[in-house]
Every structure is written in structure tokens, then in C-alpha cells.
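Dear colleague,

I am passing on the structure we spoke about, and I would be glad if you could look through it with the notes below at hand.

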Amino acid sequence: MFDDDLIIRPARPEDERELAVLNRTTWSVLSDVSPQPTEEDGVFDERRTPEQFLLAVLDGRIVGYIRQVPATPLASNRHVRQIQGLAVDDTVRGRGIGRRLVDAACATARAAGARKLTLRVLGWNAPARRLYESRGFVVEGSLAEEFLIDGTYVDDIWMARRLVD
């Protein structure tokens, strides 16, 4: 089920406060390897700029985001983009917002000349893996026991989707 009133748009600097709240409230050991953000933590800095984020806005409220960046700073790798963050507010899960964000990220990457979109997902994050697989991503590799989270070793799964035929 898709929300007809959902708007997907680029982030703007003035979105930072609301985006920081969403980032903090959607944090989970299921999906995050970094410590939970604090109330003082912002989202944007010299490495994380508004231009990297697409937002899902429903009824004037930011309910999700996806962040994509060049995979590396190398010219030889310029054709690859990487998703480095996806979040959807728990109150609107199951309404196709994650799918719409992933599709928008693919379209944006393709429009920027990318041939491939990659991402990393924790092995135990089955819902995210299913979402990415449903949007055409395939596992390209894994790093066994790459992270130690809450006393459990977790695999780092690398997935990718080709953006050209």
C-alpha cells in the first residue's frame, strides 16, 4: 500500500533538527553499528551534507530518509554510488515508504550517471535485506563476524544493484 500524499524530496539545511530526531528515534541495534545518537547530535556536517539525503515527507512531517554518496573518492569508481543510511519512522512502517525511498535513490543515482548502487547491511537485519532484495539488490559478498554488537558477532553483508541494462 502506497501513500498518495507521500512526497520524496531532497533534504534542506533547515530539515536538520527534524531529521536528527528521526535519526535518533529509529536507531536500533538491528541496523546500526554506531552508538545511539544523543539529543545534542546533529545530522549534517562536512561529510554528511543535505544534498546526500532524500526525505520522505507525509502530512508535512519527515517520516523517512535515505542517504547515498559516492562509494569512494576515486575517479575510477565514480560510476558507483553507495547507500549509507535508510530509516523509516516506526509509526508509518508497512506502507511502502522504504520501497519508495530505495527506488528514488536508484533513480537519483542513475540520473547522476551511476551504473551501480551498493550498500552494506547487518546479517541479522532480515527486514532490510528483504526490502533491498525486493528492489533488485543481490548479495555480492559478506564479511563474517565483522561487528560485535551487544555481545554478538554479526556479519556485514554487501549488496548491490546494477542501474543499467
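What follows describes the sheet, the helices, the nonpolar cores and some salt bridges.

Please keep in mind that this is a predicted model, in which local features need pLDDT of at least 70 and side-chain atom pairs count only at pLDDT 80 or more, while totals for chains, interfaces and linings use all residues. Residues are numbered from 1 along each chain as its sequence is written, and side-chain values use heavy atoms, with hydrogens and water left out.

To begin with the sheet, 7 strands (DSSP runs of E, at least two residues, numbered from the N terminus) form an open sheet with mixed pairing, in the order β1-β2-β3-β4-β5-β7-β6; two strands pair if DSSP finds at least two bridges between them. Because β1 (7-10) and β6 (138-149) stand at the edges with a single partner strand each, one side of each has no neighbour in the sheet. β6 and β7 run antiparallel and are joined by 8 bridges, and V139 stands opposite M159 in β7.

Turning to the helices (DSSP runs of H or I, at least four residues), α2 has 15 residues, and its end C-alpha atoms are 21 Å apart, which agrees with the span of 21 Å expected at 1.5 Å a residue, that is, 1.5 Å times one less than the number of residues. Among the buried residues of α2 (buried means under 20% relative accessible area, exposed over 50%, partly exposed in between, with a 1.4 Å probe and protein chains only) are I97, L101, V102 and A105.

The largest nonpolar core (buried Ala, Val, Leu, Ile, Met, Phe, Trp, Tyr and Cys residues joined through side-chain atoms within 4.5 Å) has 27 residues, of which I97, L117, Y132 and F137 touch the most other members. Helix α2 gives the most to this core, with 7 residues. A second, separate core of 12 residues includes L19, A20, V43 and A87.

Finally, the whole structure holds 7 salt bridges, each a side-chain nitrogen of Lys or Arg within 4 Å of a carboxyl oxygen of Asp or Glu. One of them joins R120 and D156 (2.4 Å, N to O), linking strand β5 to strand β7 across 36 residues of the chain; D156 is buried at 2% relative accessible area, whereas R120 is partly exposed at 40%. Another joins D15 and R9 (2.8 Å, N to O), where D15 is buried at 6% and R9 also counts as buried, at 16%.

With kind regards
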